[in-house]
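The following exercises concern packing and empty space in a protein model. Each task is followed by a solution in steps.

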Amino acid sequence: ITPRKHGRKYFKKTKFVEAKDIKVGEQVAVIESAPIYGNKRMWHPRLVGWLIGDGTSGLEQSVKLSNCGREINEYVESKFVTRIDRQHITEDGKTYKEIVIKGICKELRKIGIYGQTKLKKRLPLEVHSYTKKDICELLGGIFDTDGCVHYTPRSVKSIDLTSSCFELLDEVRFLMQKIGIHVNIKKIKANPLTNKKDKNDWYVLYVSDKKSIELFHKNITFF
């Protein structure tokens, strides 16, 4: 790799080599983006994202969304046939609801997410055959439920997505790289001494470089 100075930027020549020929200390180039999409349309991609994040299905042939987001719950109750399985007020004053959504099992089976729970959650089958718009809506739904933004008054520091399922986050990572958003995934060890609810390890996918945060803002929206 030969660096060439041009003002304050450095350009590096790259070449293809076999993995066995890579030496310690050398750098490996990664693609900026892979903007290859299909033209297939996804059934309600935002809802699919919510269900991947906060949904369960397969129990007694039902689909349930458990959430305390007012906007999300109001949208679901206005667009689909639903019933409230249970609800209560959280410590921060929000209304937590477990909403059973009727009549959508067939659609979830077609997409390939029906019956997924906890560590078995994955993105829809053939997810790369969908349009960019639907992929971004799907990602937006997942971040609506399990994502958060860390920021200061001056700037966004990182955009995080938390899950107990590494395989799901790894699929999300690859999908976001298509858009040009580069992420990292770190493992958080459970610590029952500080939090009795921490029984299993979990993972955090985070976007932290400026360009990727800007691309996230441009392509993916929160509900």
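**Exercise 1.** Determine which residues Val76 touches, and place Val76 in the nonpolar core.

*Solution.* Step 1: leaving aside residues up to four places away in sequence, Val76 is in contact (heavy atoms within 4.5 Å) with Leu47, Trp50, Leu65, Thr82, Ile99 and Ile101. The model is predicted: local features need pLDDT of at least 70, side-chain atom pairs count only at pLDDT 80 or more, and totals for chains, interfaces and linings use all residues. Residues are numbered from 1 along each chain as its sequence is written, and side-chain values use heavy atoms, with hydrogens and water left out.

Step 2: a nonpolar core is a set of buried Ala, Val, Leu, Ile, Met, Phe, Trp, Tyr and Cys residues joined through side-chain atoms within 4.5 Å; buried means under 20% relative accessible area and exposed over 50%, with a 1.4 Å probe and protein chains only. The largest such core has 46 residues, and Val76 is among those with the most contacts inside it, together with Ile101, Leu138, Val172, Met176 and Ile181.

**Exercise 2.** Establish how the buried residues of α6 are arranged and what covers them.

*Solution.* Step 1: helix α6 (residues 210-219) has the buried residues Ser212, Ile213, Leu215, Phe216 and Asn219. Helices (H or I, at least four residues) and strands (E, at least two) are DSSP runs, numbered from the N terminus.

Step 2: viewed down the axis of α6, these buried residues lie within an arc of 160 degrees, so they line one face of the helix. The arc is taken from the directions from the helix axis to the C-beta atoms.

Step 3: exposed Lys210, His217 and Lys218 are carried on the face of α6 turned away from its buried side. The cover over the buried residues includes α4, β8, α5 and β10 (202-207).

**Exercise 3.** Describe the lining of the largest cavity.

*Solution.* Step 1: on a 1 Å grid over the protein atoms alone, a cavity is a set of points where a 1.4 Å probe fits but cannot get out, and lining residues have an atom within 4 Å of a point. The structure holds one cavity of 30 Å³ or more.

Step 2: the residues lining the largest cavity are Leu51, Ile52, Gly55, Thr56, Ser57, Val63, Leu108, Ile113, Gln116 and Lys121.

Step 3: α1 (45-54) and β3 (55-57) each supply at least two residues of this lining, and β3 gives the most, with three.

Technical notes
On a 1 Å grid over the protein atoms alone, a cavity is a set of points where a 1.4 Å probe fits but cannot get out, and a pocket is an open set with protein on both sides within 12 Å along at least five of seven lines; lining residues have an atom within 4 Å of a point. Grid points are joined across faces, edges and corners, and a volume is the space filled by probe spheres set on the points.
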